[in-house]
Amino acid sequence: RVIKYYAEIPAPGNFSVGLPKSVAAAKVGVSLVGRTLSMNLPKSAVGSSVKILDLRGNVQMQKIAQSRNETMNLSTLKSGVYFVQVGGISAKKIMLK
């Protein structure tokens with residue numbers, strides 16, 4: 001006997017995963033020049049934690065966003081793939097060479 005269950009979502013993007021809508025819908029701009037990470041954050045992210053995570057989810061670096069435009073020097077990190085997480089949301093994947 002197979003029981004099928006599903007819930008309709010009215011429109012894509014109209015839900016969040018337990019986060020305030022202002023944070024969940026926020027877009028984070030990230031650019032990497034050499035080993036300097038520049039971030040353009042939404043107003044709602046100011047005061048939030050900015051974390052650099054490795055592929056295992058371990059925090060490699062962390063800071064609190066003081067303004068909408070933040071930078072981080074990643075020169076202490078080894079080459080590899082990392083994730084930039086702002087306020088608990090994975091924003092972008094970056095690759096250090």
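Two strands pair if DSSP finds at least two bridges between them, and strands themselves (E, at least two residues) are DSSP runs numbered from the N terminus, as are helices (H or I, at least four). With that in hand, welcome to this predicted model, in which local features need pLDDT of at least 70, side-chain atom pairs count only at pLDDT 80 or more, and totals for chains, interfaces and linings use all residues. Residues are numbered from 1 along each chain as its sequence is written, and side-chain values use heavy atoms, with hydrogens and water left out.

**Overview and confidence**
- The protein has one helix and seven strands, and from the N terminus on they run α-β-β-β-β-β-β-β.
- The mean pLDDT (the predictor's confidence in each residue, from 0 to 100) is 80, and 71% of the residues reach 70 or more.
- Residues 11–25 stay under 50 in pLDDT, and the model gives this stretch nine contacts beyond four places in sequence; a contact means heavy atoms within 4.5 Å.
- Where pLDDT is low, the predicted coordinates should not be read in detail.
- Among contacts between residues at least 6 apart in sequence, 46% join residues at least 24 apart.

**Surface and burial**
- Of the 97 residues, 26% count as buried, meaning under 20% relative accessible area, while exposed is over 50% and partly exposed lies in between (1.4 Å probe, protein chains only).
- About 7100 Å² of the protein is exposed, with carbon and sulfur atoms supplying 53% of it; the areas come from the Shrake-Rupley method with a 1.4 Å probe, and for residues only the protein chains shown count as cover.

**Strand β2 and its partners**
- Strand β1 (residues 29–33) runs antiparallel to β2, and five bridges join them; V33 has T36 as its bridge partner in β2.
- β1 and β2 make a hairpin with two residues between them, and G34 in the turn has a positive phi of about 65 degrees.
- β2 also pairs with strand β5 (residues 69–73), again antiparallel and over five bridges; here the bridge partner of N40 is N69.
- Side chains alternate along β2 (residues 36–40): L37 and M39 are buried on one face, whereas T36, S38 and N40 point to the other and are not buried.

**The nonpolar core**
- The largest nonpolar core (buried Ala, Val, Leu, Ile, Met, Phe, Trp, Tyr and Cys residues joined through side-chain atoms within 4.5 Å) has 17 residues, of which L37, L41, V50, I52, M72, L74 and V84 touch the most other members.
- At least two residues of this core come from each of β2, β3 (49–53), β6 (80–86) and β7 (89–96), and β6 gives the most, with three.
- Beyond its neighbours within four places in sequence, V50 has contacts that include M39, L41, M72 and V84.

**One salt bridge**
- A search of the whole structure finds one salt bridge, defined as a side-chain nitrogen of Lys or Arg within 4 Å of a carboxyl oxygen of Asp or Glu.
- This salt bridge joins E70 and K63, whose closest N and O atoms are 2.7 Å apart.
- E70 is buried, at 7% relative accessible area, while K63 is partly exposed, at 26%.
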